[in-house]
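Subject: Structure handover

Hello,

Here is the structure I promised to pass on. Please open it next to this email and follow along.

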Amino acid sequence: MKDRTYQTRHNLNFSGGSDAVRYYASLGFMKQGGVFNVDKDLNDYNTNTGMSVINLHSNVNVNVTKEFKVFADIKAKKVKSTGASTSSDITSTSPDAAVQGILYALPNNVFQPFNINGDLAGASGYTNPYGYLNKSGFSNLETNYISTVINLEYDLSKYLPGLIAFIDFGLNS
């Protein structure tokens with residue numbers, strides 16, 4: 001593993017409005033480099049782990065009339081992950097997790113990364129971390145999320161003090 005890697009994060013937020021309409025929006029971006037030492041001369045693709053995330057969060061509150069209000073809240077997220085992979089773990093949400101699992105399960109005295117003849121070393125029941133990182137292929141995993149809530153509120157206090165009717169709509173994926 002590397003001693004360090006980079007991570008960059010940028011956010012842009014704005015809000016405002018009036019008595020009738022209020023709004024808020026936030027856009028965020030995060031990029032993280034790989035944490036593993038990989039053999040860059042071995043492949044023409046990068047088997048190191050990495051991740052980039054884009055977030056969007058927005059809400060609007062509208063006082064349509066004194067009695068009727070509408071609230072809308074939208075959240076969206078796109079995550080792109082890359083890393084070493086085999087067909088059995090390509091659906092993992094964290095390419096780091098597979099490699100870390102291999103490293104944590106491997107006793108430090110089981111085998112050296114290579115045999116004397118230069119072939120990858122191995123032992124029954126264990127995965128060679130060097131072989132996994134550099135000779136097992138790679139994956140590009142992209143995940144999209146969206147969450148939306150719309151709330152309608154009508155104040156019925158003029159008919160019955162304190163009575164408010166709510167209707168909520170939501171979508172999550």
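A residue counts as buried when its relative accessible area is under 20%, and as exposed when that area is over 50%. Partly exposed covers what lies in between. A25 has a relative accessible area of 13%, so A25 is buried. Please keep in mind that this is a predicted model.

**The chain as a whole**

The protein chain has six strands and two helices. Their order along the sequence is β-β-β-β-α-α-β-β. The radius of gyration is 25 Å, while the globule rule gives 16 Å for 173 residues, so the chain is more spread out than a compact globule. The C-alpha trace spans about 85 × 30 × 25 Å along its principal axes.

How much of the chain is buried? Buried residues account for 24% of the 173. The exposed surface comes to about 11500 Å². Carbon and sulfur atoms supply 55% of that surface.

Contacts also reach along the sequence. Take those with a separation of 6 or more: 56% of them join residues 24 or more positions apart.

Charges are quickly told. The chain has 14 positive and 14 negative ones. The mean positions of the two sets are 5 Å apart.

**The core**

Which residues form the largest nonpolar core? There are eight: V35, F36, V38, A84, V99, I102, Y132 and L133. Two elements give two or more residues each to this core: α1 (95-105) and α2 (129-135). As background, nonpolar side chains tend to be buried together in soluble globular proteins.

**The first two strands**

Start with H10, in strand β1 (residues 7-17). H10 is partly exposed, because its relative accessibility is 47%. Beyond its neighbours up to four places away in sequence, H10 touches L27, G28 and F29. N63 is another matter. H10 and N63 are 53 residues apart in sequence, and their C-alpha atoms lie 32 Å apart.

A25, the buried residue from the top of this email, sits in strand β2 (residues 21-32). What does A25 touch, leaving out residues up to four places away in sequence? The list is L12, N13, F14, H57 and S58. N13 is twelve residues from A25 along the chain, with 5.7 Å between the two C-alpha atoms.

**Two loop residues**

V64 lies in the loop between β3 (50-63) and β4 (68-84). Is V64 buried or partly exposed? Its relative accessible area is 47%, so V64 is partly exposed. V64 touches K69 and V70, residues up to four places away in sequence not counted. L42 is 22 residues from V64 in sequence. In space, the C-alpha atoms of V64 and L42 are 63 Å apart.

Q112 lies in the loop between α1 and α2. Its relative accessible area is 58%, so Q112 is exposed. Even so, Q112 has contacts with A121 and N128, its neighbours within four places in sequence set aside. G122 is ten residues from Q112 along the chain, and 8.0 Å separates their C-alpha atoms.

**A residue in β5**

T148 belongs to strand β5 (residues 138-155). Why does T148 count as buried? Its relative accessible area is 18%, and the limit is under 20%. Which residues does T148 touch, those up to four places away in sequence left out? They are D73, I74, F169, G170, L171 and N172.

**To sum up**

The chain carries six strands and two helices, and it is more spread out than a compact globule. The largest nonpolar core has eight residues. A25 and T148 are buried. H10 and V64 are partly exposed, and Q112 is exposed.

Best wishes

Definitions and conventions: Residues are numbered from 1 along each chain as its sequence is written. This is a predicted model: local features need pLDDT of at least 70, side-chain atom pairs count only at pLDDT 80 or more; totals for chains, interfaces and linings use all residues. Side-chain values use heavy atoms; hydrogens and water are left out. Helices (H or I, at least four residues) and strands (E, at least two) are DSSP runs, numbered from the N terminus. The radius of gyration is taken over C-alpha atoms; the globule rule is 2.2 Å times the number of residues to the power 0.38. Buried means under 20% relative accessible area, exposed over 50%, partly exposed in between (1.4 Å probe, protein chains only). Contact means heavy atoms within 4.5 Å. Accessible areas come from the Shrake-Rupley method with a 1.4 Å probe; for residues, only the protein chains shown count as cover. Lys and Arg count as positive and Asp and Glu as negative; His and the chain ends are not counted. The place of a charge is taken as NZ of Lys, CZ of Arg, CG of Asp or CD of Glu. A nonpolar core is a set of buried Ala, Val, Leu, Ile, Met, Phe, Trp, Tyr and Cys residues joined through side-chain atoms within 4.5 Å.
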